[in-house]
Amino acid sequence: MQDASTQLNIGFIGLGMMGRGMARHVLAKGYGAGLLVRSQEGAERCADLLAAGARSLATSAEVAAMADVLIICVTGSPEVEEVVLGKHGVLEGIRPGSVVVDCSTSQPDSTRHLAAAVAAKGALFLDAALTGTPKHAEEGQLNLLVGGDTAVLERVRPVFECFAKNIFYCGAVGAGHTTKLLHQFVVLGNAAILAEAFSCASKTGVDLAVLCDVIDSGGANSTAFQRLRPYVLEGNDQMFRFSIGNAHKDMRYYARMTGEAKAVSYLGDAVHNTYTVATNQGYTPQFIPHLINSLNTLNGNTSEPKKD
């Protein structure tokens with residue numbers, strides 16, 4: 001028998017590598033779910049969710065109208081703004097008292113603007129940025145970085161616990177997205193440093209396998225290294241399934257945030273530039289490990305990592 005909490009209806013807008021796993025866990029816990037499905041291709045991609053009882057809806061307004069808790073998980077601020085403010089958007093269908101949750105990586109100033117627009121409709125808002133990988137989403141082991149009212153967080157905590165292993169309260173609206181951008185700077189900055197080191201190693205004739213062993217054994221070891229290592233040694237880019245285009249977007253948001261705060265960003269500017277160059281070279285859809293290839297091109301190294 002369902003308790004009162006699982007009788008809530010949860011709406012999902014954005015069913016990519018992260019959102020699909022999140023929706024699957026919500027359905028498995030007995031919640032009702034409505035999905036934004038705009039095409040036959042989208043229906044095929046979400047066939048397992050629909051078979052598990054989710055409803056297919058055609059507009060953001062329709063999803064908002066059925067949802068007690070609406071979870072948005074799209075690329076960034078322009079996409080979130082279109083979903084919420086656009087024609088047939090969330091604001092056209094939202095009900096007073098419902099909760100809108102933005103799990104995207106968004107600009108904090110945009111987040112605060114959207115929260116005010118949602119509040120004007122009598123609804124509530126949380127930013128709940130994600131850290132983790134698509135594998136973590138599939139396993140229900142994501143981290144959530146939450147900004148907003150603590151009472152609202154406690155109201156939706158049981159929903160978050162369906163797909164999150166850690167829920168960090170970061171502060172007022174926008175604090176979750178601010179914390180996410182700081183996290184992204186650390187992760188993507190580490191990846192950029194490692195990519196530059198591996199490209200320089202190739203340029204100077206250092207054995208990449210030996211360098212990997214050295215990094216693995218000392219203070220330079222990190223999660224970013226462990227995700228890059230399979231590509232360096234085997235050409236396997238699947239351990240770091242985050243696109244260079246998304247990395248460039250996140251570092252652009254970080255640069256804007258530090259600029260508005262008038263904060264020192266010497267390294268942030270360098271990391272942003274690294275991803276800008278790779279994007280300009282056409283690596284936008286490739287996963288992060290291919291940043292090494294971008295730098296190899298600049299260094300005149302023509303060989304790519306060995307593939308099995």
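Visitor: Is K262 buried or exposed?
Guide: This is a predicted model, and the value is computed from it. A residue counts as exposed when its relative accessible area is over 50%. K262 has 76%, so the side it falls on is clear: exposed.

Visitor: Where along the chain is K262 found?
Guide: Two helices flank K262. One is α13, residues 244-261, and the other is α14, residues 266-280. K262 is in the loop between α13 and α14.

Visitor: What is the phi of K262?
Guide: Most residues other than glycine have a negative phi. K262 is not a glycine, yet its phi is positive. The value is about 55 degrees.

Visitor: What is the phi of H88?
Guide: H88 is found in the loop between α5 and α6, the latter spanning 90-93. H88 is partly exposed, with a relative accessible area of 41%. Although H88 is not a glycine, its phi is positive, at about 60 degrees.

Visitor: How many helices and strands does the chain have?
Guide: Both kinds of element are present in the chain. The count is 15 helices and eight strands.

Visitor: What is the radius of gyration of the chain?
Guide: Start from the length, which is 308 residues. A compact globule with that many residues would have a radius of gyration near 19 Å. The value for the chain agrees with this: 21 Å.

Visitor: What does the C-alpha trace span along its principal axes?
Guide: Three axes give three spans. For the C-alpha trace they come to about 65 × 45 × 35 Å.

Visitor: What share of the residues counts as buried?
Guide: Buried means under 20% relative accessible area. Of the 308 residues of the chain, the share that counts as buried is 52%.

Visitor: Which contacts does Q107 make beyond its neighbours within four places in sequence?
Guide: Q107 sits in the loop between β5 (99-102) and α7 (108-120). Q107 counts as buried because its relative accessibility is 12%, and the limit is under 20%. Leaving those neighbours aside, Q107 is in contact with S77, Y253 and R256.

Visitor: Which residues does I215 touch, leaving aside its neighbours within four places in sequence?
Guide: I215 lies in helix α11, residues 208-217. I215 is buried, with a relative accessible area of 9%. With those neighbours left out, its contacts are L194, F198, A220, N221 and F225.

Visitor: What distance separates the C-alpha atoms of E82 and D237?
Guide: E82 is in helix α5, residues 77-85. E82 is exposed, with a relative accessible area of 52%. Along the chain, E82 and D237 are 155 residues apart. Their C-alpha atoms are separated by 32 Å.

Visitor: Why is there no bond between the sulfurs of C73 and C103?
Guide: C73 counts as buried, at 15% relative accessibility. Its closest cysteine sulfur is in C103. A disulfide needs the two sulfurs within 2.5 Å. The gap is too far for a bond: 5.7 Å.

Visitor: How many disulfides does the count come to?
Guide: The pair C73 and C103 fails, because the sulfurs are too far apart. C170 is in no disulfide either, as the nearest cysteine sulfur, that of C103, is 12 Å away. By the 2.5 Å rule, the count of disulfides is zero.

Visitor: How far apart do the centres of the positive and negative side chains lie?
Guide: There are 25 positive and 29 negative side chains. Each set has its own centre, and the two centres lie apart by 2 Å.

Conventions: Residues numbered from 1 in each chain as written. Predicted model: local features only at pLDDT ≥ 70, side-chain atom pairs only at ≥ 80, totals over all residues. Heavy atoms only, no water. Helix = DSSP H or I, 4+ residues; strand = E, 2+ residues; numbered from the N terminus. Rg over C-alpha atoms; globule rule 2.2 N^0.38 Å. Buried < 20%, exposed > 50% of the residue type's maximum accessible area, 1.4 Å probe, protein only. Lys, Arg positive; Asp, Glu negative; His and termini not counted. Charge placed at Lys NZ, Arg CZ, Asp CG, Glu CD. Contact = heavy atoms within 4.5 Å.
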